[in-house]
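Colleague: Before I use any of the words in your description, I would like to hear what each of them rests on. Could you show me the model and take me through the reasoning?

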Amino acid sequence: MEKKPLRLGAAYHGNRMLHHAEHDLREMALGGMDLVLHMFSHTDWTRHKEVVRDMVSISAEAGLESWIDCWGLGGPPGEVSHFLAYYPDSHMILSDGTMDPVHVCYNSPDFRRFIREWIDAVQYLGVSTIFWDEPHMLSKIVDGKTVYSCACPRCRKLFEERYGRPMPEYADPEVDSFGTDSIVDFFRDVTGYSASRGMKNVVCVMLGTYGMSLEVVDRICSLPHMDNIGSDPYWVGAKKTNPELSVYQYVYEGTRENLRIAGQFQKDHNIWIQSWANPRGMEEDIIQAAEAAYDAGARTILSWSYYGGISNDYAAENAPLAWARTCEAFRRIREMERDRILAENRRKYMK
């Protein structure tokens, strides 16, 4: 694939006051960033639509391209899904009969219609790129066996029609295949609709979570209207279980795997750097991670999130310092990219 220009950015959320947003977004642009990811939750849609539209305009004036995140529309990551209050039969159900209170079934026709209406609202905001945030299925291990989702009455009926038998209590290969088909069919539907409205589609997946095997990722990548495949090799949790973990190696290898998959399907990429929940005294890891992503070949690198996630309970313990290290890391990457381009030009033109 052709070499992509370097693009840097951050997720921006937790604020709907425009005078603060104008300051923050200009700070991001002056810090060398090109992209901002705005949240557009169900609450934003019903209470802040004009405000978010103005924030998109402010972003453009500052020189930032805006992406819009489907924040919590179908449940976490993000806010709780208000959609389920209107369509309670769309809850995701685990195979032991447990109703998940906040996640929506991918096979719900009402949810798919809801998402199409949301896409129309996104277009009204003046944004041309939708960010599909960490799709996944739920599961839990009971007595060494996998209790899985979704096993709502709708999914049970679809499964039995397809495989000629009732859904089993625990996961098996046909259950895994059905779950994969459900996720992929959902994205075929919604990305096809957004593409018909002239919009691009970006997805970020967390490899290794249930429902996000390489097979699922490959099939999502193969969808004709999924333009950009990303991942978030967040290291803080991994380092808690393995204190000797090399942050550089962890992010480098995760980025290389993402780029391999994206390159296989000739898609663009996005890599996320963890600037949230960073322990006090570990802020330097942000620089290690950002440079690892760059060294691995990533050219669209973003931070989750602005100012160390200070607007959330999961903020970095020293959010101002985490943000300072994020900005420093991105400046270093920008300088390395400039040096690389200059070196290429010198080799090409200087005799």
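Modeller: Let me begin with contacts along the chain: among those between residues at least 6 apart in sequence, 74% join residues at least 24 apart. Please keep in mind throughout that this is a predicted model.

Colleague: What makes the chain as compact as a globular protein of its length?

Modeller: The chain holds 12 helices and 12 strands. Its radius of gyration is 21 Å, and the globule rule gives 20 Å for 351 residues, so the two values are close and the chain is as compact as a globular protein of that length. Along its principal axes, the C-alpha trace spans about 70 × 45 × 45 Å.

Colleague: How much of the chain is buried, and how much accessible surface does it have?

Modeller: Buried residues, meaning those under 20% relative accessible area, make up 52% of the 351 residues. The accessible surface comes to about 15800 Å², and 52% of that surface belongs to carbon and sulfur atoms.

Colleague: Why is Met 33 called buried?

Modeller: The cut-off for buried is under 20% relative accessible area, and Met 33, at 4%, therefore counts as buried. Met 33 is found in the loop between α1 and β2, where, leaving out residues up to four places away in sequence, it touches Leu 8, Gly 9, Ala 10, Met 28, Leu 64, Trp 323, Cys 327 and Phe 330. One of these contacts, Ala 10, is 23 residues away from Met 33 along the chain, with 7.8 Å between their C-alpha atoms.

Colleague: And on what grounds does Arg 299 count as buried?

Modeller: The reasoning runs through the cut-off of under 20%: Arg 299 has a relative accessibility of 9% and so counts as buried. Arg 299 lies in the loop between α11 and β12, and its contacts beyond four places in sequence are Lys 4, Pro 5, Leu 6, Arg 7, His 269, Tyr 294, Glu 337 and Arg 340.

Colleague: How do you know that the buried residues of α3 line one face of the helix?

Modeller: The buried residues of α3 are Val 52, Met 55, Val 56, Ile 58, Ser 59 and Ala 62. Seen down the axis of α3, these residues fall within an arc of 160°, so they line one face of the helix. On the other side of α3, Ala 60 and Glu 61 are exposed. The cover over the buried residues includes β1, α1, β2, α2, β3 and α5. As for its length, α3 has 14 residues and reaches 20 Å from its first C-alpha to its last, close to the 20 Å expected at 1.5 Å a residue. Gly 63, which follows α3, has a positive phi, near 95°.

Colleague: Which residues touch the most other members of the largest nonpolar core?

Modeller: That core has 55 residues, and those touching the most other members are Phe 40, Ile 115, Trp 118, Trp 132 and Phe 187. The largest share of this core, eight residues, comes from α5. Apart from this core lies another, of 39 residues, among them Val 236, Ala 238, Ala 289 and Cys 327.

Colleague: Why are some backbone angles singled out, and where do they occur?

Modeller: Most residues other than glycine have a negative phi, and most peptide bonds are trans. Gln 266 is not a glycine, yet has a positive phi of about 55°, and is found in the loop between α10 and β11. Tyr 307, also not a glycine, has a positive phi of about 50° and lies in the loop between β12 and α12. As for peptide bonds, the one from Pro 76 to Pro 77 is cis, with omega near 5°, and Pro 77 has its place in the loop between β3 and α4. A further cis bond joins Trp 304 and Ser 305, where omega is about 10°, and Ser 305 lies in the loop between β12 and α12.

Colleague: What makes Gln 266 exposed, and what makes Tyr 307 partly exposed?

Modeller: Exposed requires over 50% and buried under 20%, with partly exposed in between. Gln 266, at 64% relative accessibility, therefore counts as exposed, whereas Tyr 307, with a relative accessible area of 26%, is partly exposed.

Conventions:
Residues numbered from 1 in each chain as written. Predicted model: local features only at pLDDT ≥ 70, side-chain atom pairs only at ≥ 80, totals over all residues. Heavy atoms only, no water. Helix = DSSP H or I, 4+ residues; strand = E, 2+ residues; numbered from the N terminus. Expected span 1.5 Å × (residues − 1). Buried < 20%, exposed > 50% of the residue type's maximum accessible area, 1.4 Å probe, protein only. Arc of directions from axis to C-beta. Contact = heavy atoms within 4.5 Å. Rg over C-alpha atoms; globule rule 2.2 N^0.38 Å. Areas by Shrake-Rupley, 256 points an atom, 1.4 Å probe, with all protein chains shown as cover. Core = buried A, V, L, I, M, F, W, Y, C linked by side-chain atoms within 4.5 Å.
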